[in-house]
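Let's read this structure together, feature by feature. Have the sequence and the model open side by side as we talk.

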Amino acid sequence: MEVQGPDGLAAFFIVCDHAGNLIPRALGSLGLSPEQLTRHIAWDIGAAGVARRLGAALGATTVWQRYSRLVIDCNRPLDAGDSIVRESERVRIPGNEELPAGAAESRAREIFHPYHDEIRRLLDRRQAAGRPTVLVALHSFTPLFLDVARPWHVGVLHNRDARLARPLLRALRDEGDLVVGDNEPYAASELTDYSIVHHGERRGLPHVELEIRQDLIADEGGQEAWADRFARLLPLAVQAMTQDPSPE
Ligand SMILES: [Zn+2]
């Protein structure tokens, strides 16, 4: 994992669970080609670039996972059936089929836990210092899923606490040039999401999970434009939230 600005002064705290496509050496390539390992099945294309720029623009602590979600998904509960996927969008992941005993636990120990433990440690430290925190989980989604085009430019995901999601959805719609998904292309839930559930909801921190369409942030210009946009809109959404703080 990598941490940028551990002492960031902003209330914003950014996590990027699918930022990287590294595979631990001991696992080889999981049986995939170099080309497959650069595709969206391995990571959230563009997300790390947006997270780094957004974190810098907001002065926020930013934590990202450098290992591929194909090794173990850092945004899934460990007991979810797709914590370690055997197939992703019609691509078989040979290295994840018939895992030897203890393999899932060792991936959790080496990759999942250190990442979430570090987030927990940083959040505990802020809490102990009485500092407010607004959690932003940043992801990107593929424009085509199983051959179906997705119309949204950006999605705002939330589960039980929509305090921040609501005003951010309004702010994104007010931009006028965006198709905005409300819990689209996915709905957040305790079965399919880990970070906002464990680090946001269960701590009572205002939070949001963002999904940006990958073709919009594939290059640096796009990453910069979206980082600028969220650096502008997130503080406005937080301001609106403080005027209407009910979770529903
Ligand atoms: Zn993701």
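Q: With 248 residues, what radius of gyration would a compact globule have, and what does the chain have?
A: Before we start, keep in mind that this is a predicted model. A compact globule with 248 residues would have a radius of gyration near 18 Å, and the chain has 17 Å, so the two agree. Along the principal axes, the C-alpha atoms fill a box of roughly 50 × 40 × 30 Å.

Q: How many helices and strands does the chain have?
A: The secondary structure comes to six helices and eleven strands. As for burial, 53% of the 248 residues are buried.

Q: Among contacts between residues at least 6 apart in sequence, what share joins residues at least 24 apart?
A: That share is 81%. Let's look at some individual residues with this in mind. Tyr115 sits in helix H3 (residues 103–128) and counts as buried because its relative accessibility is 0%. Val15 is 100 residues from Tyr115 in sequence, yet their C-alpha atoms are 9.9 Å apart in space.

Q: Which residues does Tyr115 touch, not counting those up to four places away in sequence?
A: They are Met1, Val15, Cys16, Asp17, Val63, Trp64, Gln65 and Cys74.

Q: Where does Trp152 lie, and is Trp152 buried or exposed?
A: Trp152 lies in the loop between strand S8 (148–149) and strand S9 (154–157). Its relative accessible area is 18%, under the 20% cut-off, so Trp152 is buried. Leaving aside neighbours within four places in sequence, Trp152 is in contact with Phe141, Val179, Val180, Gly181, Glu184, Pro185 and Arg213. You can also check the C-alpha atoms of Trp152 and Leu210: these residues are 58 apart along the chain, and the separation is 12 Å.

Q: Which residues is Glu175 in contact with, leaving aside its neighbours within four places in sequence?
A: Glu175 is in contact with Arg229, Arg232 and Leu233. Arg229 is 54 residues from Glu175 along the chain, with 9.5 Å between their C-alpha atoms. Glu175 itself lies in the loop between helix H4 (165–174) and S10, and counts as partly exposed because its relative accessibility is 24%.

Q: Now the backbone. What kind of peptide bond joins Glu184 and Pro185?
A: Start with the general idea: most peptide bonds are trans, and most residues other than glycine have a negative phi. The bond between Glu184 and Pro185 is cis, with omega about 0°. Pro185 lies in the loop between strand S10 (180–182) and helix H5 (195–200), and both Glu184 and Pro185 were among the contacts of Trp152.

Q: What is the phi of Glu89, and what is the phi of Arg90?
A: Glu89 has a positive phi of about 45° although it is not a glycine. Arg90 also has a positive value, near 70°, and is likewise a residue other than glycine. Glu89 belongs to the loop between strand S4 (87–88) and strand S5 (91–92), and Arg90 lies in the loop between S4 and S5 too. With 22% relative accessibility Glu89 counts as partly exposed, whereas Arg90, at 57%, counts as exposed.

Q: Which residues provide the protein donors of the zinc ion?
A: The donors are His18 (ND1), Asp44 (OD) and His139 (ND1), lying 2.0 to 2.1 Å from the ion. Their spacing in sequence is H-x25-D-x94-H. His18 and Asp44, 26 residues apart, link distant parts of the chain: His18 is in the loop between strand S2 (12–16) and helix H1 (34–37), and Asp44 is in the loop between H1 and helix H2 (47–58). Both His18 and Asp44 are buried.

Q: What volume does the largest pocket have, and which residues are closest to its centre?
A: Here is the general idea: rolling a probe the size of a water molecule over the atoms shows where empty space is left. The largest pocket has a volume of about 600 Å³. Of the 32 residues that line the largest pocket, His18, Arg69, Asp73, Arg76 and Tyr186 are the closest to its centre. His18 is also one of the zinc donors.

Q: How do the residues of that lining divide by type, and which element gives the largest share?
A: The lining divides into ten nonpolar, ten polar and twelve charged residues. Strand S6 gives the largest share, three residues, while S4, S6 (134–141) and strand S11 (207–213) each supply at least two.

Technical notes. Residues are numbered from 1 along each chain as its sequence is written. This is a predicted model: local features need pLDDT of at least 70, side-chain atom pairs count only at pLDDT 80 or more; totals for chains, interfaces and linings use all residues. Side-chain values use heavy atoms; hydrogens and water are left out. Helices (H or I, at least four residues) and strands (E, at least two) are DSSP runs, numbered from the N terminus. Buried means under 20% relative accessible area, exposed over 50%, partly exposed in between (1.4 Å probe, protein chains only). On a 1 Å grid over the protein atoms alone, a cavity is a set of points where a 1.4 Å probe fits but cannot get out, and a pocket is an open set with protein on both sides within 12 Å along at least five of seven lines; lining residues have an atom within 4 Å of a point. Grid points are joined across faces, edges and corners, and a volume is the space filled by probe spheres set on the points. Ala, Val, Leu, Ile, Met, Phe, Trp, Tyr, Cys and Pro count as nonpolar, Asp, Glu, Lys and Arg as charged, and the others, Gly among them, as polar. Donors are N, O and S atoms within 2.8 Å of the metal (3.2 Å for Na, K and Ca); water is not among the atoms, so sites may look incomplete. The radius of gyration is taken over C-alpha atoms; the globule rule is 2.2 Å times the number of residues to the power 0.38. Contact means heavy atoms within 4.5 Å.
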